[in-house]
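Student: Could you take a close look at one buried charged side chain for me? I'd like to know what surrounds it.

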Amino acid sequence: GGVANGNLFISNPIGIHIGGGTTPDEGGVAASMSNNLVMYGRDLDANNPRGFGLWVSNIREADIHSNYFYKSSYGYNHSAITLGGDRGLMVQNIDLQNNFILDWNGSINIAAPHTEQIINNISIAGNTVYRNFSNTSTPSNFIHPLVKLYADWQDAVDLQSNTYFMYNPSESPFSIGNAPVTGDYWSDAIEPSSVVSSAS
C-alpha cells in the first residue's frame, strides 16, 4: 500500500508493485499512484522474464491516475498495467484514470483469477494508449493486446472513454479471455464510448 507520487522508474523488471506480498494483508491494502514516469521494462535475466510497468494485487482500494508508461524496449515486455495475478487475493475499488501508455508491448491486462480471488468495482476510464504494431518483438504484440479482459471478470470492470491509437494496426488488437477480438467488436460490444483509431 502507500503513496507513489512524482517518481521516475527506469529499466526495471517491475516498475511498481502495489499490494501483493508473500503473506498478503487480509482484506487488502489501500494505495495511491500518480504523476509517475515508468520507462523501459526489462527482464531479470533470460530465465526470469518480466517487463511489468505496474502490478496491482491484493488491493482494497487504489487511485491510479496521470501516470506515463513509456516504451518497454527490452526483454519479455509484459503489460504496462496488470491487475490481479498471483497474490491478488483482492482487487477491488480501483480507479484507473487519465494514464498514458506509449508503445509498451502489452498495455492493460486484467489477469485471470486465482482460487478465492475477489475482483469488483474496477473503473478504467479516460486513458490513452498508443502502440506501434510494426514492432514484432518476441513474443509478438499480438500475444500482448491493447487490453486483455479475462472473461469471468468482465462484469466487474467498467471501461469508459479510453482512446486507443495504433500505427500499422492489428486486425484484432484486443482480447477477451484468450480470444483476440477486433477493434470494431470492442467498440460495439465492450466499450462503446472508446475511440479506436489508426495513427501516424
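**A glutamate in a loop**

Tutor: Start with E191, which sits in the loop between α1 (183-190) and β20 (195-198); helices (H or I, at least four residues) and strands (E, at least two) are DSSP runs numbered from the N terminus. Keep in mind that this is a predicted model: local features need pLDDT of at least 70 and side-chain atom pairs pLDDT 80 or more, while totals for chains, interfaces and linings use all residues. Numbering runs from 1 along each chain as its sequence is written, and side-chain values use heavy atoms, with hydrogens and water left out.

E191 is buried (under 20% relative accessible area, 1.4 Å probe, protein chains only), yet has no salt bridge (Lys or Arg side-chain nitrogen within 4 Å of an Asp or Glu carboxyl oxygen). The nearest side chain of opposite charge (Lys and Arg positive, Asp and Glu negative; His and chain ends not counted) is R131, 13 Å away.

What E191 does have is polar company. Its side chain makes a polar contact of 2.8 Å with that of Y164 (N or O atoms within 3.5 Å, one able to donate a hydrogen and the other to accept it; residues adjacent in sequence count only through side-chain atoms). A polar atom of the E191 side chain also lies 3.4 Å from the backbone nitrogen of S161. Beyond neighbours within four places in sequence, E191 is in contact (heavy atoms within 4.5 Å) with L159, Q160, S161, N162, Y164 and W186.

For contrast, the salt-bridge count is one: K71 pairs with D103, closest N and O atoms 3.5 Å apart. D103 is buried too, at 16% relative accessible area.

Definitions and conventions: Buried means under 20% relative accessible area, exposed over 50%, partly exposed in between (1.4 Å probe, protein chains only).
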